[in-house]
Structures are given as C-alpha cells and as structure tokens.
Amino acid sequence: FYTGGMISLSKDNKSLFCNFNNNEINIIDLETYKLKQTISPESGEIASFCLSDDNNKLAISLISLQMLH
C-alpha cells in the first residue's frame, strides 16, 4: 500500500495517508493497519497532497499542474 514518496498523518493520529505508485493515495487505519480508502485522480500522476487541519479536506496536485480537492 506504500511505494515511497509523501505521507501524512491525520491530526488524531488514527489515519496515515500515503502515495502509492504516484497514481493513488491510500488511507490506512493505524488502529487496525487495514486499508480504509483509496483515492485516485481520474487522470495524471500525483505530485503532492496536503491534508487540512481539521482532517476534512485533502488537496491533491498532479504532475500536469492540475489541482484537485
């Protein structure tokens, strides 16, 4: 579920967000160590991502310079 690159920890320390093959972001439950959700942009490779302070929004930038939210 992780191949290197960016990771982000939720503010409550219960979820880990990690880049997988630059094509998707996996959200891992750190209490069960199971995959909770996968987020995949419709097109393009992920350059970076950022989780909001309240854990309610995830901003994703693509190598093609598109921004998703």
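Me: Which residue in S3 is the bridge partner of Asn19?

Reply: It's Ile25. Next door, Cys18 has Asn26 as its bridge partner in S3. Bear in mind that this is a predicted model, with local features needing pLDDT of at least 70 and side-chain atom pairs counted only at pLDDT 80 or more, while totals for chains, interfaces and linings use all residues. Residues are numbered from 1 along each chain as its sequence is written, and side-chain values use heavy atoms, leaving out hydrogens and water.

Me: How do you know that S2 and S3 count as paired?

Reply: Strands pair if DSSP finds at least two bridges between them. Six bridges join S2 (residues 15–20) to S3 (residues 24–29), so the pair qualifies. The two strands run antiparallel and form a hairpin with three residues between them, where Asn21 in the turn has a positive phi of about 55 degrees.

Me: And what makes S1 and S2 a pair?

Reply: Three bridges join them, again antiparallel, so the cut-off is met here too. On the S2 side, Cys18 is the bridge partner of Ile7. This hairpin has five residues between the strands, and Asn13 takes a positive phi near 60 degrees.

Me: What is the strand order of the open sheet?

Reply: The order is S1-S2-S3-S4, four strands with antiparallel pairing. S1 (7–9) and S4 (34–39) are the edge strands, since each pairs on one side only. From one strand to the next the twist averages 20 degrees, using axes fitted as lines to C-alpha atoms (for helices, over the stretch in contact), with angles from 0 to 180 degrees between N-to-C directions.

Me: How many helices and strands does the chain have?

Reply: Zero helices and seven strands. Both are DSSP runs numbered from the N terminus: H or I over at least four residues for helices, E over at least two for strands.

Me: Why is Ile46 called buried?

Reply: Buried means under 20% relative accessible area, with exposed over 50% and partly exposed in between (1.4 Å probe, protein chains only). Ile46 sits at 2%, so it counts as buried. The residue lies in S5 (residues 46–51). Beyond neighbours within four places in sequence, its contacts (heavy atoms within 4.5 Å) include Asn19, Ile25, Pro41, Ile60 and Leu62. S2 is mostly covered as well, with five of its six residues buried. Across the chain's 69 residues, 32% count as buried.

Me: What makes a set of residues a nonpolar core?

Reply: The members must be buried Ala, Val, Leu, Ile, Met, Phe, Trp, Tyr or Cys residues, joined through side-chain atoms within 4.5 Å. The largest such core here has nine residues: Phe17, Ile25, Ile27, Ile46, Phe49, Leu51, Leu58, Ile60 and Leu62. S3, S5 and S6 (58–62) each supply at least two of them. In soluble globular proteins, nonpolar side chains tend to be buried together.

Me: Which residues does Phe49 touch, not counting those up to four places away in sequence?

Reply: Among them are Phe17, Ile25, Leu58 and Ile60, along with Met6, Ile7 and Cys18.
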